[in-house]
Amino acid sequence: MATLTPPVSLIDQGALLLDVSHVTLKVSPEHFDQLCLDNPDLRLELTKDGDLIVMAPAGGETSRKNLDLAIDVGLWNRQANLGQAFDSSCGYDFTSLGGGKLSPDVSWIEQSKLEGIEIVGFIPVVPDFVIELRSATDNLKPLQEKMQEYRRLGVRLGLLINPQNQQVEIYRSSQAREILTLPKQIDCHEVMPGFVLDLTRIW
């Protein structure tokens with residue numbers, strides 16, 4: 001295990017290329033914020049244990065599916081006007097709750113939770129709803145652990161969409177995980193009134 005204390009930056013005018021596939025980098029929340037500022041084109045996350053996660057860009061198929069999911073949530077939110085929806089570039093700061101700094105693929109927050117909250121940077125609010133879409137290169141176990149962490153933090157409804165296994169894992173607060181095989185839709189009314197997520201374009 002390696003410890004990273006200074007922020008990573010560019011060397012001269014060439015990029016610093018770093019292969020971290022076989023090591024774990026420990027980063028403080030402050031250094032993580034600087035890493036994000038210095039590397040705006042990278043998608044980074046910080047676990048509750050301070051482990052830095054560098055996520056590879058999504059391939060075309062995963063990107064298309066991510067966009068479809070975000071559009072569905074965004075269109076419902078625009079009509080319902082009950083909160084705010086966010087795509088995969090949104091980061092959340094859970095450090096005050098003993099968590100890390102994470103970025104779901106799609107998320108939604110009920111409006112009253114955002115009153116007086118600054119959302120320019122990482123949002124210091126637990127979202128009500130999250131989606132994680134497994135890409136072709138994602139290992140399933142870390143995604144399942146991430147979903148368990150969302151549930152621990154208080155996310156009311158979380159969906160882990162797994163095209164490889166043609167399954168959706170549903171995570172609800174204070175309930176056992178539910179697994180559905182090839183569902184055509186997921187009714188999310190318990191958190192988002194009137195919203196049914198269409199999955200026909202995912203399979």
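## Long-range contacts, cores and hairpins in a predicted chain

Among the contacts in the chain with a separation of 6 or more, 53% are accounted for by residues that stand 24 or more positions apart. The model described here is predicted, and its chain contains three helices together with 14 strands. Of the 203 residues, 41% count as buried, while the accessible surface of the chain comes to about 11,200 Å², with 51% of that area belonging to carbon and sulfur atoms.

The interior may be considered next. In soluble globular proteins, nonpolar side chains tend to be buried together. In the present model the largest nonpolar core has 21 residues, and those with the most contacts inside this core are Phe-129, Leu-159 and Leu-197. Several elements contribute to it, since at least two residues of the core are supplied by each of α2 (60-80), β8 (106-110), β9 (129-133), β10 (157-162) and β11 (167-172). A second core, separate from this one, has 19 residues, including Leu-114, Ile-123, Val-125 and Tyr-171. The surroundings of Leu-159 can be listed in greater detail: when its neighbours within four places in sequence are left aside, Leu-159 is in contact with Phe-129, Val-130, Ile-131 and Glu-132, with Met-147, with Val-168, Glu-169 and Ile-170, and also with Ile-186, Cys-188 and Leu-197.

Strand β11 is mostly covered, as five of its six residues are buried, and this strand pairs with both β10 and β12. On one side, β10 and β11 run antiparallel and are joined by six bridges, with Val-168 of β11 serving as the bridge partner of Ile-161. These two strands form a hairpin with four residues between them. On the other side, β11 and β12 also pair in the antiparallel sense, over four bridges, and here the bridge partner of Ile-170 is Glu-178 in β12. The hairpin of β11 and β12 has five residues between the strands.

Backbone angles in the loops of this region deserve separate mention. Most residues other than glycine have a negative phi, and most peptide bonds are trans. Gln-166, which lies in the loop between β10 and β11, has instead a positive phi of about 55 degrees although it is not a glycine. With a relative accessible area of 35%, Gln-166 is partly exposed, because this value falls between the limits of 20% for buried and 50% for exposed residues. In the hairpin of β11 and β12, a positive phi near 65 degrees is taken by Ser-174. A further case is Leu-182, which is not a glycine and yet has a positive phi of about 50 degrees; this residue is placed in the loop between β12 (178-181) and β13 (185-187), and at 40% relative accessibility Leu-182 likewise counts as partly exposed.

Charged side chains form the last part of the description. Side chains of opposite charge can pair when their charged atoms come close, and the structure holds 17 salt bridges. One of these joins Arg-177 to Glu-169, the closest N and O atoms being 3.2 Å apart. The two partners differ in their exposure to the surroundings, for Arg-177 counts as partly exposed at 39% relative accessibility, whereas Glu-169 is buried, with a relative accessible area of 2%. Salt bridges that share partners also join Glu-61, Arg-64, Lys-65, Asp-68 and Arg-201 into one network.

Within this network, Arg-64 has salt bridges to two acidic side chains of helix α2. The side chains of Glu-61 and Arg-64 meet at 2.9 Å, N to O, and both residues lie in α2, three residues apart, which is about one turn of the helix. The side chains of Asp-68 and Arg-64 meet in a salt bridge at 3.0 Å, N to O, and this pair too lies in helix α2, four residues apart, again about one turn. As regards accessibility, Glu-61 is partly exposed, with a relative accessible area of 45%, and Arg-64 is also partly exposed, at 29%. Asp-68, by contrast, counts as buried at 16% relative accessibility, because buried means under 20%.

Notes. Residues numbered from 1 in each chain as written. Predicted model: local features only at pLDDT ≥ 70, side-chain atom pairs only at ≥ 80, totals over all residues. Heavy atoms only, no water. Core = buried A, V, L, I, M, F, W, Y, C linked by side-chain atoms within 4.5 Å. Buried < 20%, exposed > 50% of the residue type's maximum accessible area, 1.4 Å probe, protein only. Contact = heavy atoms within 4.5 Å. Pairing = 2+ DSSP bridges. Areas by Shrake-Rupley, 256 points an atom, 1.4 Å probe, with all protein chains shown as cover. Salt bridge = Lys/Arg side-chain N within 4 Å of Asp/Glu carboxyl O.
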